[in-house]
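Please open the model in a viewer and keep the sequence panel at hand. The tour below proceeds from selection to selection and says what is found at each stop.

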Amino acid sequence: MTGKTIYLVLGTAFGFALSRVGASEYDLIFGMFTGIDLTLVWVILTAIVVGHLGMRVLTAAGGKTRRGENIEPKTKPLRPTTIIGGGIMGIGWGLSGACPGTVLAQLGEGKIIALGTVLGLIVGTYVYALLTERGSV
Amino acid sequence: MNGWYETLFVNPWPWWAGGLVIGLLVPLLYYFENVSLGVSTGYGSIIKAIFPGTRLKWFHSSTFADRWGWRVFFLGGMVLGAFISARLGGRPLFTGEMGLFTANVDWSLPLTALFFAVGGFFLGLGARIAGGCTSGHSIHGLATLQPSSLVATIGFLATGIISTYFVRVFLMGGLS
């Protein structure tokens with residue numbers, strides 16, 4: 001399989017799993033942030049543990065990709081803006097009942113309102129590019 | 001009515017099944033293509049794919065060197081995967097509903113979509129400033145034990161709780 005087919009297949013698995021486990025349901029995000037229903041907390045914690053163990057298995061197996069390249073997990077720098085950006089994103093998560101990933105699952109499920117969220121996400125990303133142009137962030 | 005088809009495609013999966021599939025994407029993306037799981041940067045890829053001639057410097061970094069970068073395919077797959085899920089689950093093709101929000105907030109569809117677009121704006125801007133979203137920071141970043149991802153995740157949760165409280169009290173009339 002070529003790279004782009006693999007991305008399409010893995011993306012499809014991601015969207016399918018998000019939809020099947022209910023991460024695309026407004027009520028489960030509402031439930032997570034109000035403490036009414038913590039299903040998604042358990043989903044995320046399970047994903048973190050499975051992801052961590054999977055990376056350990058890859059490392060134990062030699063830490064190589066299928067093409068024999070060294071796997072180097074991408075590090076994300078810790079800056080003062082990390083908490084600020086996290087705080088801004090959290091506002092959006094609560095207002096829209098979706099994160100940048102789950103809104104795509106909502107869209108695939110035919111939730112029309114998710115179109116608004118996706119458009120907002122595109123505008124927000126574009127505004128970030130404008131701000132970096134001016135050196136504001 | 002609880003055959004394998006219902007279990008897999010109609011009834012919601014238990015939390016551990018969803019977490020298992022989502023978590024496996026972290027090592028699989030490294031094994032196949034040596035990239036880190038993440039969604040929010042992909043919105044930049046979508047902008048670049050639609051407007052390849054943009055002059056903004058940010059769209060000319062190595063991340064967006066390829067007009068049809070991998071993220072476009074990954075994000076497109078996510079929409080497709082959920083579409084397949086909804087079709088196999090026998091759900092309607094389109095719906096104007098959004099759970100408790102549309103059940104409790106008596107707004108027109110355009111006004112509701114506009115409100116959600118404001119939420120989306122915060123998602124897009126915030127994720128870029130933080131350097132990732134739920135998948136890049138909270139799942140990939142925490143799975144690879146990165147301090148910045150813990151900080152970002154604390155930020156997501158703190159204001160997510162506050163903004164959801166706002167929606168619950170001021171828009172849903174204090175729904176309990």
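## Chain A as a whole

Select chain A and colour its charged side chains: there are 11 positive and 7 negative ones, and the centres of the two sets lie 10 Å apart. Please bear in mind throughout that this is a predicted model. In cartoon display, chain A shows 6 helices and 0 strands, so the eye should follow the pattern α-α-α-α-α-α along the sequence. Its C-alpha atoms fill a box of roughly 45 × 40 × 30 Å along the principal axes. Chain A has 137 residues, of which 56% count as buried. Its exposed surface is about 5,600 Å², with 67% supplied by carbon and sulfur atoms. Of the contacts in chain A with a separation of 6 or more, 34% are accounted for by residues 24 or more positions apart.

## Chain B as a whole

Now select chain B. Here the cartoon shows 8 helices and 0 strands, and 52% of the 176 residues count as buried. The C-alpha trace of chain B spans about 45 × 45 × 35 Å along its principal axes. Among contacts in chain B between residues at least 6 apart in sequence, 48% join residues at least 24 apart. The accessible surface of chain B is about 8,000 Å², and 71% of that belongs to carbon and sulfur atoms. Colouring by charge picks out 9 positive and 5 negative side chains in chain B, the centres of the two sets being 15 Å apart.

## The interface

Display both chains and select the residues in contact between them: 121 residues come from chain B and 100 residues from chain A. The area buried between the two chains is about 9,800 Å², of which carbon and sulfur atoms give 75%. Next, pick B:Tyr43, B:Leu123 and B:Ile129, which supply 8% of the area that chain B buries against chain A, more than any other three residues.

Which helices does H2 of chain A pack against? Select residues 26-34 of chain A to see this helix, in which 7 of 9 residues are buried. The buried residues are A:Tyr26, A:Leu28, A:Ile29, A:Phe30, A:Gly31, A:Met32 and A:Phe33. Within chain A they pack against helix H1 (3-21), helix H3 (39-60) and helix H4 (80-96). From chain B, the partners are helix H5 (99-104), helix H6 (109-130) and helix H8 (147-171). Just after H2 of chain A, A:Gly35 takes a positive phi of about 80°.

## Salt bridges

Side chains of opposite charge can pair when their charged atoms come close. The whole structure contains 8 salt bridges over all chains, and 6 are found across the interface of chain B and chain A.

Select A:Lys4 and B:Asp66, whose side chains meet in a salt bridge at 3.1 Å, N to O. A:Lys4 lies in helix H1 of chain A and B:Asp66 in the loop between H3 and helix H4 (70-88) of chain B, so the pair joins two chains. Both count as partly exposed, A:Lys4 at 31% relative accessibility and B:Asp66 at 41%.

Move next to A:Glu25, A:Glu109, A:Lys111 and B:Arg91, which are linked in a network of salt bridges. Within chain A, A:Lys111 pairs with A:Glu109, the closest N and O atoms being 2.6 Å apart. A:Lys111 is buried at 8% relative accessibility, and A:Glu109 is buried at 3%. B:Arg91 lies in the loop between H4 and H5 of chain B, while A:Glu109 lies in the loop between helix H5 (102-108) and helix H6 (114-133) of chain A, so this pair joins two chains. The salt bridge between B:Arg91 and A:Glu109 has an N to O distance of 3.7 Å. B:Arg91 counts as partly exposed, at 28% relative accessibility.

## Helix H3 of chain B

For the last stop, select residues 41-50 of chain B, helix H3, and find B:Lys48 there. How far away is the nearest side chain of opposite charge to B:Lys48? That side chain, B:Asp66, is 8.9 Å away, and B:Lys48 is buried yet has no salt bridge. Leaving aside residues up to four places away in sequence, B:Lys48 touches B:Phe59, B:His60, B:Phe64 and B:Arg67.

B:Ser45 lies in helix H3 of chain B as well, and is buried with a relative accessible area of 4%. Beyond its neighbours within four places in sequence, B:Ser45 is in contact with B:Phe64, B:Arg67, B:Arg71 and B:Val72.

Definitions and conventions
Residues are numbered from 1 along each chain as its sequence is written. Chains are lettered from A and ligands numbered from 1 in the order in which they are written. This is a predicted model: local features need pLDDT of at least 70, side-chain atom pairs count only at pLDDT 80 or more; totals for chains, interfaces and linings use all residues. Side-chain values use heavy atoms; hydrogens and water are left out. Helices (H or I, at least four residues) and strands (E, at least two) are DSSP runs, numbered from the N terminus. Buried means under 20% relative accessible area, exposed over 50%, partly exposed in between (1.4 Å probe, protein chains only). Contact means heavy atoms within 4.5 Å. Accessible areas come from the Shrake-Rupley method with a 1.4 Å probe; for residues, only the protein chains shown count as cover. Lys and Arg count as positive and Asp and Glu as negative; His and the chain ends are not counted. The place of a charge is taken as NZ of Lys, CZ of Arg, CG of Asp or CD of Glu. Buried area is the accessible area (1.4 Å probe) that two parts lose on being put together, summed over both. A salt bridge is a side-chain nitrogen of Lys or Arg within 4 Å of a carboxyl oxygen of Asp or Glu.
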